[in-house]
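Here is a friendly walk through one protein chain, sheet by sheet and then helix by helix. Keep the viewer open as you read.

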Amino acid sequence: MRRRPENQRHPLDPGRGRGVPFDSRLRRLTSTRRIGTLALFPRAIHVVVWIRLLRPLETVSRERPTLVKSLPGTLLLLATGCSVAEPSAYSTLQPVSDYGRLVLDVYGDLFWWTAGIFVVVELLLLYALVRYRGRDGDSGVPDQVHGFTALEIGWTLIPAAILFFIAIPTVRTIFQLHGPPPDPDPLEITVVGHQWWWEFQYPELGIVTANELHVPVGRTTHLTLTSADVIHSFWVPRLGGKRDLNPGSENRMWFTPTETGVFYGQCAELCGTSHANMRMQVFVDDTAAFEEWVASMRQPAVPDSAGTMTFLISGCAACHAIDGSPAQGKVGPNLTNMGRRTTLASALIENTPENMAGWLRNPDSVKPGAMMPDLNLDDQRIDDLVRFLEGLR
Ligand code: CUA
């Protein structure tokens, strides 16, 4: 198996940009920060619990687990659900948009309702266990009872009623999220899924970019989603739910970001070899930063260097466009202002000259199955191209 060079890391990797190999960074991270042992603890318990469960049934049934004996195991099992790790970049529990908040509110309501049901059911169970437990002097089989119409109707109707009440906020939210955007004048963006990268078009602004989406905070963004090849799924967990990108048809989705920051996304529909590497970043900018970005995208500076010519004659321009230059290819990502992007290869690795050179030298080693061909560029051309692309800003 080919190993990805140490300097080509995903932006989420803890060693990002620190010049320290990832493995040693991870080791330091797990040993010095509070997430360390506590976050690993539940994993270890999972293993122990599974080993115990997978032991031959015979051995288990000969033992008589008492409440006291099984209590530590139960508590350990419960602990596997706990983690004090910092929130994941892909957490849906800390939404930063109206869409994410609406979904979390439904989950929150359902959680407390089901928690209440759980308590009632467990209390009834405990009552039955205590009230009807075996006592000294009991002998033989207890009275056998068959049929209790009221009870049977009851335990059919109550779950149906519970499902009905769960359906009300769920369906209401689904309709709300599939309805028109709340803002009558949203920012329109067309998202096109490609194997394995994201194209973002801003039709009203005349901007096309890839893999790094810029949107303003506080204004609704309205996405029109489609695909150039197979089915993909747009998913930025902190901004909202998943929505498919289907070839030949359009889906829509909206969200109003409530916080500035960089939020991570991932294709959520198996779409081929590098599905897992089809990542993206959403930059929620304040109004001034967003306007500055728009202005720079509409008036890109294209340096007149050796790299420009190399880009045009090496085959790059057949697939890639750079606004303000003769390169107008449409198959691959638009590279306008490439030097300003923070990542390469659909947000897979950090945008550094070394990573860019490695990507140009052998795309397949960075992103398996990458559609970008290996153009057999010599070191001089790679050097020219890296300087040219990093200079586009
Ligand atoms: Cu695109 Cu998975």
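## The five-stranded sheet

In this predicted model, five strands line up as an open sheet in the order β3-β2-β1-β5-β8, and their pairing is mixed. The edge positions go to β3 (207-210) and β8 (251-255); each has a single partner strand, so one side of each is left without a neighbour in the sheet. From one strand to the next, the twist averages 25°.

## Strand β1 and its two partners

Strand β1 covers residues 187-194, and six of its eight residues are buried, which makes β1 mostly covered. In the sheet order, β1 sits between β2 and β5, and it is worth looking at each partner in turn.

With strand β5 (residues 221-227), β1 pairs in the parallel sense, over seven bridges. Two places to click on here are V192, which stands opposite T226 in β5, and G193, whose bridge partner in β5 is S227. With strand β2 (residues 197-202), β1 runs antiparallel, and five bridges join the two. β1 and β2 form a hairpin, with two residues between them. On this side G193 turns up again, standing opposite W198 in β2. G193 therefore has a partner in β5, namely S227, as well as W198 in β2. If you are following side chains along the strands, a general point may help: in a regular strand they alternate between the two faces of the sheet.

## The three-stranded sheet

Which strands make up the open sheet of three, and in what order? The order is β4-β10-β9, again with mixed pairing. β4 (212-216) and β9 (261-266) are at the edges, and since each has a single partner strand, one side of each is left without a neighbour in the sheet. The twist averages 25° from one strand to the next.

β9 pairs with strand β10 (residues 279-285) in the antiparallel sense, and six bridges link them. One residue pair to look for is F263, which stands opposite V282 in β10. A helix also belongs in this picture: α7 (residues 287-298) lies across β4 and β10, and runs at about 130° to β4.

## Helices α9 and α11

How do helix α9 (residues 353-361) and helix α11 (residues 379-390) pack? Their axes are 10 Å apart and the packing angle is about 125°. The two helices are therefore oblique to each other. As for handedness, α9 passes α11 in a right-handed crossing.

On the α9 side, the residues involved are P353, M356, A357, L360 and R361; they meet I382, L385, V386, L389 and E390 in α11. Sorted by class, this contact has eight nonpolar residues, two charged residues and no polar ones.

## The chain as a whole

Stepping back, the secondary structure of the chain comes to 11 helices and 12 strands. The chain has 393 residues, of which 26% count as buried. What share of the contacts between residues at least 6 apart in sequence join residues at least 24 apart? The figure is 65% for this chain.

Technical notes:
Residues numbered from 1 in each chain as written. Predicted model: local features only at pLDDT ≥ 70, side-chain atom pairs only at ≥ 80, totals over all residues. Buried ≥ 20, exposed ≤ 12 C-beta atoms within 10 Å, placed from the backbone. Helix = DSSP H or I, 4+ residues; strand = E, 2+ residues; numbered from the N terminus. Pairing = 2+ DSSP bridges. Axes fitted to C-alpha atoms, helices over the stretch in contact; angles between N-to-C directions. Parallel < 35°, antiparallel > 145°, perpendicular 65-115°, else oblique. Left-handed = near helix turned anticlockwise from the far one by under 90°. Contact = placed C-beta atoms within 7 Å. Nonpolar A, V, L, I, M, F, W, Y, C, P; charged D, E, K, R; others polar.
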